Amino acid sequence: MPMLGSLILSLASKKRSFLIDTMLPIISLLLLVAVAISFYGCNLPFIERRVFSVSIFEVGYLVDYFSLSISFIVLLISSIVALYSLSYFKNDKKQHRFWFWFNMFVSSMLFLVLSNNLISTFIGWEAIGACSW
């Protein structure tokens, strides 16, 4: 969700309210809590899905108790940083860049945590490095 929002909001006007950008990690956190409650209620050990695959390269996600816990921590800290950044960047004229890279960073972190193989984990790791630079 943060990646989709980041891409959509980067195409929007630069003179907009950044409250929407701040709400993306918070909405993602609430959705994750809803998924975790239903996941724990069904007593599933894990869910693994393949999004697409080309030859030997496969991209998918693996949701288990550990990845849900780490995703919760990532989104909780991201939500706190987003709320703080809203007031910190209040008078900055180029804060749209910050929000784009911030949401891409959160998306990359979630991609890293939820990836189901080593190649996807590496791509997520490199994306985090690119967003941090």
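A search through the whole of this predicted model turns up 7 aromatic pairs. Take Y88 and F89: the ring centres sit 5.1 Å apart with the planes at 90°, so this one is edge-to-face, given that anything over 60 degrees goes into that class. The two partners differ in how much surface they show. Y88 is exposed, its relative accessible area coming out at 55%, whereas F89 is buried at 18%. F89 also pairs with F98; here the centres are 4.4 Å apart and the planes make an angle of 35°, so the pair is tilted, since it falls between the 30 degrees that bounds stacked pairs and the 60 degrees beyond which edge-to-face begins. As for F98, a relative accessibility of 26% makes this ring partly exposed. Taken together, ring pairs tie Y84, Y88, F89, F98, W99 and F102 into a cluster.

Some of these residues turn up again where two helices meet. Helix 3 (residues 65-88) and helix 4 (residues 95-114) have axes that come within 9 Å and cross at roughly 170°. With a crossing angle like that, helix 3 counts as roughly antiparallel to helix 4, because the cut-off for that label is over 145 degrees. On the helix 3 side, the contact involves S67, I70, S71, V74, L75, S78, V81, A82, S85 and L86. Facing them from helix 4 are F98, W99, F102, V106, M109, L110, V113 and L114. By residue type, the contact between helix 3 and helix 4 comprises 14 nonpolar and 4 polar residues, with no charged ones. F98, W99 and F102 thus appear in the helix contact as well as in the aromatic cluster.

Note on methods: Residues numbered from 1 in each chain as written. Predicted model: local features only at pLDDT ≥ 70, side-chain atom pairs only at ≥ 80, totals over all residues. Heavy atoms only, no water. Phe/Tyr/Trp six-rings, centres within 6.5 Å; stacked < 30°, edge-to-face > 60°. Buried < 20%, exposed > 50% of the residue type's maximum accessible area, 1.4 Å probe, protein only. Axes fitted to C-alpha atoms, helices over the stretch in contact; angles between N-to-C directions. Helix = DSSP H or I, 4+ residues; strand = E, 2+ residues; numbered from the N terminus. Parallel < 35°, antiparallel > 145°, perpendicular 65-115°, else oblique. Contact = heavy atoms within 4.5 Å. Nonpolar A, V, L, I, M, F, W, Y, C, P; charged D, E, K, R; others polar.
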